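Visitor: I should be grateful for a close look at a single part of this model. Please begin where I point and continue from there.

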Amino acid sequence: MENDPELNGKYLGTISKDFVVVAETLKEASYQVRKRKISEYPIFVFSRTQVPVGSIFLAKEEVALDWHINASYLEDFVQRQLVVEDKVEEFKAAYKDPDEFCCLFVVDGEFQNFVFIPYPED
């Protein structure tokens, strides 16, 4: 499976549209995951169709979004072998400040990629 290192405009536009709607909710969820010591690396899965990764957080039908959003974290990705053990340190090094950026794992058919989107300024 080939991952495109750049998120093309098709994805960025539609993800950004949904992200703006749910950004505050995702930011609070990220904070709670870290505060409760579940993980220091929250990940939100954006998918066109429901995927078995993480827990359903926001179903697109419930909040009129184009994407389903599941909540997960690095350790779950390692357990599911979506991030292999020898890449964990690389992932942690690339992970951006979770108070400023939201870590998304975008899934659409064969396309799968991590992307960090900054939370909107207050």
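Visitor: In which sense do strand β2 and β3 pair, and over how many bridges?

Guide: Strand β2 (residues 55–58) pairs with β3 in the antiparallel sense, over 3 bridges. The model is a predicted one, in which local features need pLDDT of at least 70 and side-chain atom pairs count only at pLDDT 80 or more, while totals for chains, interfaces and linings use all residues. Residues are numbered from 1 along each chain as its sequence is written, and side-chain values use heavy atoms, with hydrogens and water left out.

Two strands are said to pair if DSSP finds at least two bridges between them. Strands (E, at least two residues) and helices (H or I, at least four) are DSSP runs, numbered from the N terminus.

Within the pairing of β2 and β3, Leu58 has Ile69 as its bridge partner. Strand β3 (residues 68–73) is also joined to β1 (residues 42–47), by 6 bridges and in antiparallel fashion; there, Val45 stands opposite Asn70. Strand β1 in turn runs parallel to β4, with 4 bridges between them, and Phe44 faces Leu104 of β4. Finally, 8 bridges join β4 to β5, which run antiparallel. These two strands form a hairpin with 2 residues between them, and Gly109 in the turn has a positive phi of about 65 degrees.

The resulting open sheet has 5 strands in the order β2-β3-β1-β4-β5, with mixed pairing. Because β2 and β5 stand at the edges with a single partner strand each, one side of each is left without a neighbour in the sheet. From one strand to the next, the twist averages 35 degrees, where axes are lines fitted to C-alpha atoms (for helices over the stretch in contact) and angles run from 0 to 180 degrees between N-to-C directions.

Let us return to Ile69. Leaving aside residues up to four places away in sequence, Ile69 touches Val22, Leu26, Phe44, Val45, Phe46, Ser55, Ile56, Phe57 and Leu58; contact means heavy atoms within 4.5 Å. Ile69 is also among the residues that touch the most other members of the largest nonpolar core, which has 19 residues. Such a core is a set of buried Ala, Val, Leu, Ile, Met, Phe, Trp, Tyr and Cys residues joined through side-chain atoms within 4.5 Å, and buried means under 20% relative accessible area (1.4 Å probe, protein chains only). The elements α1 (9–35), β1, β4 (101–108) and β5 (111–118) each supply at least two residues of this core.

Key: Buried means under 20% relative accessible area, exposed over 50%, partly exposed in between (1.4 Å probe, protein chains only).
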